[in-house]
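Work through the exercises below with the model open. Each task is followed by its solution.

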Amino acid sequence: MVKKILFPKTTIFLKGLGDSMWPFLKSGTFVIVDTCKNIQLTVGDIVAISLVKKNQTPFLHRVIEINKNIVRTKGDGEILDDGWTQKSDIMGKAIYFIHHERFISLQTPKAHLMNRLLAYISYHTIKNKLL
């Protein structure tokens, strides 16, 4: 059986490199990112960030806090967060990743719950380390 997945024209494929999102995403994992400009972000979403001003390669990290036009992100495998990032620096939101030749959706209720839980753990780990 072949499962056909249609992606909007606003999607890009990124290959995660490094261990900043380990254990959720391993280095070499392909991630499909929706780059639609009107995308709604929630705590727990994995986003592709491109800091053009710093001429930096895009990277994937999880949203752990949102405050109007800025978001705080952190890699799951990192100790400290990335600080506040302008929403305009976010290329898009991860909607699928490929694991063992299977597309895994990040848009299901179960995935949303898991992502929010991981964001909660990341956020409170930082707060406890700073106290």
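**Exercise 1.** Count the cavities of 30 Å³ or more and give the volume of the largest cavity.

Solution. Take a 1 Å grid over the protein atoms alone; a cavity is a set of points where a 1.4 Å probe fits but cannot get out. Join grid points across faces, edges and corners; the volume is the space filled by probe spheres set on the points. The count comes to 1 cavity. The largest cavity has a volume of about 30 Å³. The model is predicted: local features need pLDDT of at least 70, side-chain atom pairs count only at pLDDT 80 or more, and totals for chains, interfaces and linings use all residues. Residues are numbered from 1 along each chain as its sequence is written, and side-chain values use heavy atoms, with hydrogens and water left out.

**Exercise 2.** Which residues line the largest cavity, and which elements each supply at least two of them?

Solution. Lining residues have an atom within 4 Å of a point. They are Asp45, Ile46, Lys93, Ala94, Leu106, Gln107, His112 and Asn115. Next, map them to elements. Strand S7 (90-99) and helix H1 (109-130) each supply at least two. Finally, sort by class: 3 are nonpolar, 3 polar and 2 charged.

**Exercise 3.** Place these elements in the protein chain and state how much of the chain is buried.

Solution. Helices (H or I, at least four residues) and strands (E, at least two) are DSSP runs. The chain has 8 strands and 1 helix. From the N terminus the order is β-β-β-β-β-β-β-β-α. Of its 131 residues, 38% count as buried (under 20% relative accessible area, 1.4 Å probe, protein chains only).

Key:
Buried means under 20% relative accessible area, exposed over 50%, partly exposed in between (1.4 Å probe, protein chains only). On a 1 Å grid over the protein atoms alone, a cavity is a set of points where a 1.4 Å probe fits but cannot get out, and a pocket is an open set with protein on both sides within 12 Å along at least five of seven lines; lining residues have an atom within 4 Å of a point. Ala, Val, Leu, Ile, Met, Phe, Trp, Tyr, Cys and Pro count as nonpolar, Asp, Glu, Lys and Arg as charged, and the others, Gly among them, as polar.
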